[in-house]
Amino acid sequence: MLQWSLLSTLVWSPGSVLLILVLLHRLCMWSWHKSHLWDLQHCSTDLTGKTAVVTGANSGIGKAVSHELARRGARVILACRNWECGQQALAEIQEASKSNCLLLGQVDLSSMASIRSFSRWLLQECPEIHLLVNNAGTCGALQQAGSARVVNVSSFRHAHGYVDEEHLTGAGKPLVFNQNYDCSKLLLTSFTGELARRLQGTGVTVNSVDPGIVYTSIMKHFSCSYRFLFWLFSFFCKDVRQGAVPVLYLSLAKELDDISGKYFSSSCRIILPAKAAQDPQVAQRLWNATVQLTNLDKMD
C-alpha cells in the first residue's frame, strides 16, 4: 500500500503531469500532420536535371529543404553567409542524400554588393534556375529556364507588422523586439504578390508560405531569458523537418504548376494574407522603393 502511494505521488506530481501533457500534445501534432498535411512521402516529383537555389541553407528549414531537393536529384546551390557553416552543411547534406550535385555559394543578404557578386557568380554557374527558395534577385535566370518557381518563406507573424518604406533604408519609426521580423515578413508577403503580377506569362510562379512555429537556431539571436522561454515552448513547436513540409509543398507539388501570387498557410492551404499585404498600392510603392534602392532599373 505504501509503495502504491509513493508511485501515485510520483506519477501525479506537477512535473510528471506536465511531461505527460507534452507527450500527448506531441502525439496529437504528429497524428494531425499525418492526416491533414500534404504527404511528402507520396510526392513522386523527380528533380533530376533541375537546378534549385536555397538561401539560408546551412541550418534549419533551409537545410532540410536542401536535403530533400538533393535527394530528389536536383542540383542544389546552398546560398549561405558563413562559408564554414555552409561547408559543414554541404558535407552533411551530401552524406545524407548521397548526392554529388551540391554547390556552395557565399552571400550576405544584408549587403547589395554581396548580392550582386553572388548573382554574377550564380548566373555563370547556372544559366537556368528552376527553383528559388526565398531569393527573388535572379529572375532573369529563372525566366531562361522556361518554367520555374519562387518560394518565399513568410510567417503568420506578418499580420502583426506594418508597412513603412523608410525601414528599407534603416530609417522610419524605430522597431522594437520582434517588430523587425513581423514587418519584414509583411513586406515579403506584399512583394510576393507584386512580383507574381509582373512575371505573369513568363512561366515563373511566385508564392509565399507560412511554415508555422518552428524551433530553429534563429533563437540564438535573442536574449538568454527569451531563449529559455522559447525552449520551454519548443515542446509545442514543429521541428525543422515538419517546418520544411509547407515549403517543399510549394516547391514540388505538381498541382501548383500554374498557381502564382498566393499565400499558403502552414497547413498547405491557400488563405488570404493580412489586409496590408493585399493592398496593390502598398505593393506598388514597395516595388518602386526596392527598384530605386537596388538600381534595378539601371541593370541590363
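## Helices on the sheet

Helix H4, residues 83-97, lies across strands E2 (75-80) and E3, and its direction makes an angle of about 170° with E3. The model described here is predicted. Helix H7, spanning residues 179-198, lies across strand E5 (148-153), strand E6 (204-209) and E7. Relative to E6, helix H7 runs at about 160°.

## The sheet

The strands that these helices cross belong to an open sheet of eight, ordered E3-E2-E1-E4-E5-E6-E7-E8, with mixed pairing. Its edges are strand E3 (102-106) and strand E8 (270-271), each of which pairs on one side only.

At the E8 end, strand E7 (residues 263-264) pairs with E8 in the antiparallel sense, over two bridges. Tyr263 has Ile271 in E8 as its bridge partner.

## Thr290 in helix H11

Helix H11 covers residues 280-294 and includes Thr290. Thr290 has a relative accessibility of 22%, so this residue counts as partly exposed, the buried class being under 20%.

Leaving aside residues up to four places away in sequence, Thr290 touches Leu168 and Phe191. Leu168 is 122 residues from Thr290 along the chain, and the C-alpha atoms of the two are separated by 8.0 Å.

## Cysteines

The disulfide count is zero, where a disulfide would require a pair of cysteine sulfur atoms within 2.5 Å. Cys126 has a relative accessible area of 1% and is therefore buried. Cys183 is buried as well, with a relative accessible area of 4%.

Technical notes:
Residues are numbered from 1 along each chain as its sequence is written. This is a predicted model: local features need pLDDT of at least 70, side-chain atom pairs count only at pLDDT 80 or more; totals for chains, interfaces and linings use all residues. Side-chain values use heavy atoms; hydrogens and water are left out. Buried means under 20% relative accessible area, exposed over 50%, partly exposed in between (1.4 Å probe, protein chains only). Two strands pair if DSSP finds at least two bridges between them. Helices (H or I, at least four residues) and strands (E, at least two) are DSSP runs, numbered from the N terminus. Contact means heavy atoms within 4.5 Å. Axes are lines fitted to C-alpha atoms, for helices over the stretch in contact, and angles run from 0 to 180 degrees between N-to-C directions.
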